[in-house]
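Work through the exercises below with the sequence and the structure open beside you. Try each task before reading its solution.

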Amino acid sequence: MATPGQWIAGARPRTLPNAIVPVMVGTGVAVGEGAPVWWRAVLALLVALSLQIGVNYSNDYSDGVRGTDDERVGPMRLVGSRAAPPRQVLAAALGCFAVAAVLGLVLVVATRAWWVLLVGVAAIAAAWFYTGGKRPYGYRGLGELAVFVFFGVVPVVGTAYVQTEHLTWPALFASIPVGLLSCSMLVVNNLRDVGTDELAGKRTLAVALGARRTRLLYAACLLVPLAAALAMIPLAPLAGVAVLAAPLAVGPVRSVLGGAVGPALIAALQQTGKLQMAYGVLLAAGLALSL
């Protein structure tokens, strides 16, 4: 039986900024428009967190039963390490998806925007089929695209929508840098595992591009959002304050471009999460104060 600490580690807390930042930024848009609905913002956050933890457990289960995680450098996996039986990890993943579905349905009923149901179904399907099913798209180099959409565009625009009840350009524009920062977490994670993934037949984007181009992609995912913050100034003048997070990008970009491998990339992943959180807080505040 896995210990509570192992279950927490299996949930991969360092990936949670992928869920928190988009909701903060979407709420920043709602505040800027003078239409925040805080209980809906909290529910949106819980939906995002449930999906993030659910996809982490789902990946743990699916990669574990395939044997992909038998040899890995990164954080422990419950199935791959034999700390928990696959059926328990699968149950945890499905439980998280169920929580996300129920809370999301509450938001759909509150807004009476029934089309949002389709978005929710797509988000849960994307979470499962990343590494689950017979033909997981994460094994075909499409993981970053899904992360950009479902941990960038959808949660930022969706969080703003369930509060303001209309679609806004600021939310759409802000979702682009947020999505790129979410992608950076997956890019550096896959860079760390590129050798073992290739041997296991998991053809991630990092495997397809090779290490050198993956390192360049990672740097772009961190640096483009800083430029995007400046580009948003005509729309939301204080959005540019997000560039104050730039010093936090120096360390991980230097490390990754310098050829860091193995455990050194775990440190880069941690630094990326800190950058993502700082950028999200600053951008959310800038949008809230200038729209």
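The exercises that follow concern a predicted model.

**Exercise 1. A shared partner**

Task: Find the residues with which Asp 63 forms salt bridges, and say where each partner sits.

Solution:
- Step 1. Begin with the search of the whole structure, which finds four salt bridges.
- Step 2. Look at Arg 77. Its side chain meets that of Asp 63 in a salt bridge, with 3.6 Å from N to O. Arg 77 lies in the loop between helix H3 (38-66) and helix H4 (86-111), while Asp 63 belongs to helix H3; the two are 14 residues apart.
- Step 3. Look at Lys 202. The closest N and O atoms of Asp 63 and Lys 202 are 3.1 Å apart, and the pair forms a salt bridge. Lys 202 is in the loop between helix H8 (194-200) and helix H9 (205-209), 139 residues from Asp 63, so this pair links distant parts of the chain.
- Step 4. Apply the cut-off of 4 Å between nitrogen and oxygen: both pairs count because their distances are within it.

**Exercise 2. Buried or exposed?**

Task: Decide whether Asp 63 and Lys 202 are buried or exposed.

Solution:
- Step 1. Recall that a residue is buried when its relative accessible area is under 20%, and exposed when that area is over 50%.
- Step 2. Asp 63 has a relative accessibility of 1%, so this residue counts as buried.
- Step 3. Lys 202 has 6% and is therefore buried.
- Step 4. Arg 77, the other partner of Asp 63 described above, is buried as well.

**Exercise 3. A second pair**

Task: Describe the salt bridge of Asp 193, then name the residues that shared partners join into one network.

Solution:
- Step 1. Asp 193 forms a salt bridge with Arg 192, and the closest N and O atoms are 3.0 Å apart.
- Step 2. Asp 193 counts as buried because its relative accessibility is 5%. Arg 192, at 7%, also counts as buried.
- Step 3. The network made by salt bridges with shared partners consists of Asp 63, Arg 77 and Lys 202.

**Exercise 4. Positive phi**

Task: Compare the settings of Arg 12 and Arg 82, two residues other than glycine with a positive phi.

Solution:
- Step 1. Phi is near 60 degrees in Arg 12 and near 65 degrees in Arg 82.
- Step 2. Arg 12 is in the loop between helix H1 (4-10) and helix H2 (17-32). Arg 82 is in the loop between H3 and H4.
- Step 3. Arg 12 is buried because its relative accessible area is 9%, whereas Arg 82, at 61%, is exposed.
- Step 4. Add Arg 112, which follows H4 and has a positive phi near 55 degrees.

**Exercise 5. The largest pocket**

Task: Work out what lines the largest pocket and which element gives the largest share.

Solution:
- Step 1. The largest pocket holds about 650 Å³ of space.
- Step 2. It is lined by 34 residues, and those closest to its centre are Val 47, Val 116, Val 119, Gly 120 and Val 154.
- Step 3. H2, H3, H4, H5 and helix H6 (143-164) are the elements that give two or more residues to this lining. H6 gives the largest share, ten residues.
- Step 4. Sorted by type, the lining has 28 nonpolar residues, six polar ones and no charged ones.

**Exercise 6. Two helices**

Task: Check the spans of H4 and H10 against the expected values, and find what their buried residues pack against.

Solution:
- Step 1. H4 has 26 residues and reaches 38 Å from its first C-alpha to its last, close to the 38 Å expected at 1.5 Å a residue.
- Step 2. Buried residues of H4 include Val 89, Cys 96, Phe 97 and Leu 107. The buried residues of this helix pack against H1, H3, H5 and H6.
- Step 3. Helix H10 (residues 211-231) has 21 residues and should span 30 Å; its end C-alpha atoms are 30 Å apart, so the two values agree.
- Step 4. Among the buried residues of H10 are Arg 215, Tyr 218, Cys 221 and Pro 225. The buried residues of H10 pack against helix H7 (169-192), H9, helix H11 (247-257) and helix H12 (263-290).

Methods. Residues numbered from 1 in each chain as written. Predicted model: local features only at pLDDT ≥ 70, side-chain atom pairs only at ≥ 80, totals over all residues. Heavy atoms only, no water. Helix = DSSP H or I, 4+ residues; strand = E, 2+ residues; numbered from the N terminus. Buried < 20%, exposed > 50% of the residue type's maximum accessible area, 1.4 Å probe, protein only. 1 Å grid on protein atoms, 1.4 Å probe; cavity = no way out; pocket = protein on both sides within 12 Å on 5 of 7 lines; lining within 4 Å. Points joined across faces, edges and corners; volume = space filled by probe spheres on them. Nonpolar A, V, L, I, M, F, W, Y, C, P; charged D, E, K, R; others polar. Expected span 1.5 Å × (residues − 1). Contact = heavy atoms within 4.5 Å.
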